[in-house]
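User: I have a structure open and would like to go through it with you. Can we start with how the copies meet?

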Number of protein chains: 4
Amino acid sequence: MRIKDEFKQDAIFNATVKMVNEIGFVSSSVSKIAQQANVSPATIYIYYKNKEDLLVSVYIEIKQRMSKALLKNFDDTQPFRDILYNFWLNGFEFASKYGNYYQYTEQFANSPFSELVQNSEIEKHFEPLIRILQKAIEQKIIKNVPMEILTAFIFYPMMIIANHKICKTVKINKQTIDQAFLLAWDAIKL
Amino acid sequence: MRIKDEFKQDAIFNATVKMVNEIGFVSSSVSKIAQQANVSPATIYIYYKNKEDLLVSVYIEIKQRMSKALLKNFDDTQPFRDILYNFWLNGFEFASKYGNYYQYTEQFANSPFSELVQNSEIEKHFEPLIRILQKAIEQKIIKNVPMEILTAFIFYPMMIIANHKICKTVKINKQTIDQAFLLAWDAIKL
Amino acid sequence: MRIKDEFKQDAIFNATVKMVNEIGFVSSSVSKIAQQANVSPATIYIYYKNKEDLLVSVYIEIKQRMSKALLKNFDDTQPFRDILYNFWLNGFEFASKYGNYYQYTEQFANSPFSELVQNSEIEKHFEPLIRILQKAIEQKIIKNVPMEILTAFIFYPMMIIANHKICKTVKINKQTIDQAFLLAWDAIKL
Amino acid sequence: MRIKDEFKQDAIFNATVKMVNEIGFVSSSVSKIAQQANVSPATIYIYYKNKEDLLVSVYIEIKQRMSKALLKNFDDTQPFRDILYNFWLNGFEFASKYGNYYQYTEQFANSPFSELVQNSEIEKHFEPLIRILQKAIEQKIIKNVPMEILTAFIFYPMMIIANHKICKTVKINKQTIDQAFLLAWDAIKL
DNA sequence: GATGAATGAGTGTTCATTCAT
DNA sequence: CATGAATGAACACTCATTCAT
């Protein structure tokens, strides 16, 4: 018998991201994705139970790659501010390289599909960051506010600014990235 | 000729928001919306050119109501910080009252439909706020960074935090709202 | 607005019977039926909730026509044997005229769909016959055995013999019909 | 070369009968049957040319087992009535033991597949019974009517009554079986 | 012999939209 | 203005069958 073709699975993954980016969640049909991947629609159902499973799986995969990228060179022996800054730079690098991944996750997260994914499933990948944030609170480096508020000022502005849609008018460069980081830092620091 | 029934148009508006909230953009079909509005599918085509027109119109309408709500009691003779704080409170009040509106805009903005709406069309409603932000920059009250960066630390965190999805674990109350405002303020202030 | 086209509904009914007769339950798809009825597949879903509803509705309709035909000239003031003989003749007449109806019911009854139809729903149409059978038992005209056994010797042999498939070798005529009735009569009479 | 695995073939046979009984002819797909038989779909195509061949072969196999069961202890030196009674008892025993076989044949016989099977192919197994029926006609023990009419009063009522579906209200026991036999006998006897 | 991967053609069903009233 | 009937095109998904191993 034939063995499962790793190349095919990858083609389906890429086709899914591409289609969702180009024509959106609403219009991305299984057959269009299949066509983009140069594969029969039926083949998709070998690798994924159904369309929902496909979309969710792609989302989780992206989130994993994302967390991996954002935590690159993560080193909790460094000063807290440096760790955060490194995280910040990683974010912009990832967003500029994989803007399409980001767009996919945004569309997914703002659809009812998102309820199918355990939030904890996603967040566990960011656990190291959460931990040093908590430590920084204890060491009175940053403000003692709920984690959700902290991330609202670190994570989301970064994503918003890095997202290419916003950046039509503003050129993103080292200076803007540093400027933005300063705002984030001022927001949270004690 | 009879005039278009204001009541029916409103029913269609509400049905559209409700359906998108309940079953998402992907599954919201014209006939389902019509059913929810107690109206024939054909009737929708009297008020809107097609489905796209319906979705876009609803989006713009919501954005208008939103800007109106956020700028309530806007008074540019007040100190800048008070204006911003008032804006902040309005945001949380709106989000708690009209979470469904917010969810609709999020789904819409993260879909390719959003490209059909002139960004300026939306932003013009927030023009008063933009103006006082620029004045505050000139007066060296806040940091001199691009407007997009400023809003990324004022507008988006507010929306994120106010959005009920986030608030499963954290109870939103006057204290958290004030805490969050402090972070936003520290982020932008000089 | 257009009103429901009685002609269309009839065309769908006939197309369903015809297709099931020609290519069987297994192969009769909604689109084939629609094509046969000169109608869009979508149109069928205006008149019937789904395929199952279509098949069941057609079955019930046929059964109603069938019972009506079999009980034609039913007159319970006549002698019991005459009533039964009349019923018998009606059966053969119906089968010869509407062999396709019979074939449909057989395919339906021997499929899992049959469980979707209340047996009582069908049997109630034959209630007059059941009543005179019971009276005949009380008057000691026929054997006192369960109703199911009686009908197994009246109804089913008639249907089997009348069914055209059987009759490839045997020519059905007045004589065979009378012969068969004699067997049925001898079977049940006391 | 390995020889075809008798065990596998049997598993496919049983799986086919089981699936058709559980979900009907219409929904019984090759892959579902394969899964039920713990076998790859491709394996089925080693033993059978195609799906049609599978269904037909299973039908013929069942019919063979059936005729064998019904003619158990067949002894044409016995009196005709005893032979028939023995046949009758065998029928009920088989039906109670192998109701699923019976259901399969009914679904098959009432589908267009049945036309693929030579009727003579099936009937040849019942040839001994046919022969003594003819002898009984010559000996003026039973009525001189076409064979199809005779069997319509012997074979079909037995099957109908024995079929478990009918027997929801009536308990089948030795008494009912004997009652029913009496009707059959009265029907055909001279 | 046996298998799971692979697929084009088909399934039942819903879609956005138009039409006749 | 308002409607439900009507539809071709598309939907998600499964089918019988073949292929490479």
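User: What share of the interface residues of chain B are also interface residues in chain A?
Analyst: The share is 97%, so chain B and chain A meet through the same surface. Bear in mind that this is a predicted model.

User: How many residues does each chain put into that contact?
Analyst: Chain B gives 31 residues and chain A gives 30 residues. On the side of chain B that touches chain A, the elements that contribute two or more residues are α1 (6–27), α6 (99–109), α9 (147–162) and α10 (174–188) of chain B. By class, that side of chain B has 20 nonpolar, seven polar and four charged residues.

User: What turn lays chain B on chain A?
Analyst: A turn of 179° with a shift of 0.1 Å along the axis does it, at an RMSD of 0.2 Å.

User: And what rotation superposes chain C on chain D?
Analyst: For chain C on chain D the rotation is 180°, with 0.1 Å of shift along its axis and an RMSD of 0.2 Å. Those two copies are thus related as by a two-fold rotation axis. Of the interface residues of chain C, 100% are also interface residues in chain D, so this pair of copies also meets through the same surface.

User: How far apart are the closest C-alpha atoms of chain B and chain C?
Analyst: They lie 10 Å apart, and no contact joins chain B and chain C. Chain A and chain D are likewise without a contact, with their closest C-alpha atoms 10 Å apart.

User: Switching to a single chain. How many helices and strands in chain A?
Analyst: Chain A has ten helices and zero strands. The order along the sequence is therefore just α-α-α-α-α-α-α-α-α-α. The C-alpha trace of chain A spans about 60 × 35 × 30 Å along its principal axes.

User: What percentage of chain A counts as buried?
Analyst: Of its 190 residues, 32% are buried. As for contacts in chain A with a separation of 6 or more, 68% come from residues 24 or more positions apart.

User: Which domains is chain A divided into?
Analyst: Domain 1 covers 1–47 and domain 2 covers 68–188 of chain A. The C-alpha centres of these two domains of chain A are 30 Å apart. Their contact takes five residues from domain 1 and six residues from domain 2. On the side of domain 1 that touches domain 2, there are three nonpolar, two polar and no charged residues.

User: Now chain D. Where does α1(D) bend?
Analyst: The bend is at N21(D), by about 85°. The end-to-end distance of α1 (residues 6–27) of chain D fits with that topic: the helix has 22 residues, but its end C-alpha atoms are only 26 Å apart, short of the 32 Å that a straight helix would reach at 1.5 Å a residue.

User: Which residues of that helix are buried?
Analyst: In α1(D) the buried residues are I12(D), A15(D), T16(D), V17(D), M19(D), V20(D), F25(D) and V26(D).

User: What do they pack against?
Analyst: Within chain D, the buried residues of α1(D) pack against α2 (30–36), α3 (41–47), α4 (51–70) and α6 (99–109). They also pack against α1 (6–27) of chain C.

User: Any backbone oddities? What is the phi of N38(A)?
Analyst: N38(A) has a positive phi of about 55° although it is not a glycine. Most residues other than glycine have a negative phi. N38(A) sits in the loop between α2 (30–36) and α3 (41–47) of chain A.

User: Is N38(A) buried or exposed?
Analyst: N38(A) is exposed, because it has 11 C-beta neighbours inside 10 Å and the cut-off for exposed is 12 or fewer.

User: And where is K140(D) found?
Analyst: K140(D) is in the loop between α8 (127–138) and α9 (147–162) of chain D. Its phi is near 55°, a positive value in a residue other than glycine. K140(D) counts as exposed, with 9 C-beta neighbours inside 10 Å.

User: Last one: where is R2(A)?
Analyst: R2(A) lies in the segment before α1 (6–27) of chain A. R2(A) is exposed, with 4 other C-beta atoms within 10 Å. From R2(A) to K18(A) is 16 residues in sequence and 28 Å in space, C-alpha to C-alpha.

Key: Residues numbered from 1 in each chain as written. Chains lettered and ligands numbered in written order. Predicted model: local features only at pLDDT ≥ 70, side-chain atom pairs only at ≥ 80, totals over all residues. Contact = placed C-beta atoms within 7 Å. Helix = DSSP H or I, 4+ residues; strand = E, 2+ residues; numbered from the N terminus. Nonpolar A, V, L, I, M, F, W, Y, C, P; charged D, E, K, R; others polar. Least-squares fit on C-alpha atoms with pLDDT ≥ 70 in both. Domains from an automatic or database assignment. Expected span 1.5 Å × (residues − 1). Bend = angle between axes of the 7 residues up to and from the residue. Buried ≥ 20, exposed ≤ 12 C-beta atoms within 10 Å, placed from the backbone.
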